[in-house]
Amino acid sequence: TLLDVVVNNDLNIEGFGACEGTVTCSTCHVILKPEDFERLPEEASDEERDMLELAYSLTETSRLGCQIT
Ligand code: FES
């Protein structure tokens, strides 16, 4: 996942991925370019959508980084 990329590369993004991918926070919220959003292999699950609704500045191309593979 995108969260794995952040963790495995020791990227310093404060607070990113607080729940470690258990879909119980929205700190891994990312806003993708439309062309990148369209290229994702899977749509957001109901669980992800529910959590995204709590994300700050939600957009049409928002996803949770821990759910993007
Ligand atoms: Fe918490 Fe993605 S890390 S929802």
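Begin with the whole chain in cartoon view: in this predicted model, the secondary structure of the protein chain comes to 3 helices and 2 strands. If you trace the chain along its sequence, these elements follow the pattern α-β-α-α-β.

Keep the whole chain in view for a moment and turn it about its principal axes, along which the C-alpha trace spans about 25 × 25 × 20 Å. The radius of gyration is 11 Å, which agrees with the value near 11 Å that a compact globule of 69 residues would have. Switching to a contact display, you will find that residues 24 or more positions apart account for 62% of the contacts with a separation of 6 or more.

Next, show the surface. The protein chain exposes about 4900 Å², of which carbon and sulfur atoms supply 48%, while buried residues make up 35% of the 69 residues. Colouring by charge brings out 4 positive and 15 negative side chains, and the centres of the two sets lie 8 Å apart.

**First stop: Glu48**

Select Glu48, which is found in helix α3, residues 46–52. Is this residue buried or exposed? Glu48 has a relative accessible area of 1%, and because the cut-off for burial is under 20%, Glu48 counts as buried. Now add Arg63 to the selection: the side chain of Glu48 makes a polar contact with the side chain of Arg63, at 2.7 Å. To complete the surroundings, display Val23, Leu64 and Gln67 as well, since these residues, together with Arg63, are in contact with Glu48 when its neighbours within four places in sequence are left aside.

**Second stop: the loop between α1 and β1**

From Glu48, move to its contact partner Val23, which lies in the loop between α1 and β1. Val23 is buried, at 7% relative accessibility, and its phi is near 55°, a positive value in a residue other than glycine. Then select Glu20 in the loop between α1 and β1, where phi is again positive, at about 60°, although Glu20 is not a glycine. Glu20, however, is exposed, with a relative accessible area of 69%.

Continue to Ala18, also in the loop between α1 and β1, which counts as exposed at 55% relative accessibility. Which residues does Ala18 touch, not counting those up to four places away in sequence? They are Cys25 and Thr27. A distance drawn from the C-alpha atom of Ala18 to that of Cys28 should read 7.7 Å, for two residues that are 10 residues apart along the chain.

Finish this loop at Glu14, in the stretch between α1 (2–8) and β1 (29–31). Glu14 is exposed, with a relative accessible area of 79%, and its C-alpha atom is separated by 9.3 Å from that of Thr27, 13 residues apart from Glu14 along the chain.

**Third stop: Thr61**

For the last selection, go to Thr61, in the loop between α3 and β2 (62–64). Thr61 counts as buried, at 14% relative accessibility. What lies 2.7 Å from a polar atom of the side chain of Thr61? Show the backbone atoms of Leu32, and you will see that the partner is the backbone oxygen of that residue. Leaving aside neighbours within four places in sequence, the residues in contact with Thr61 are Val30, Ile31, Leu32, Pro34 and Phe37, and displaying these side chains around Thr61 closes the tour.

Methods:
Residues are numbered from 1 along each chain as its sequence is written. This is a predicted model: local features need pLDDT of at least 70, side-chain atom pairs count only at pLDDT 80 or more; totals for chains, interfaces and linings use all residues. Side-chain values use heavy atoms; hydrogens and water are left out. Helices (H or I, at least four residues) and strands (E, at least two) are DSSP runs, numbered from the N terminus. The radius of gyration is taken over C-alpha atoms; the globule rule is 2.2 Å times the number of residues to the power 0.38. Buried means under 20% relative accessible area, exposed over 50%, partly exposed in between (1.4 Å probe, protein chains only). Contact means heavy atoms within 4.5 Å. Accessible areas come from the Shrake-Rupley method with a 1.4 Å probe; for residues, only the protein chains shown count as cover. Lys and Arg count as positive and Asp and Glu as negative; His and the chain ends are not counted. The place of a charge is taken as NZ of Lys, CZ of Arg, CG of Asp or CD of Glu. A polar contact is a pair of N or O atoms within 3.5 Å; within protein, one must be able to donate a hydrogen and the other to accept it, and residues adjacent in sequence count only if both atoms are side-chain atoms.
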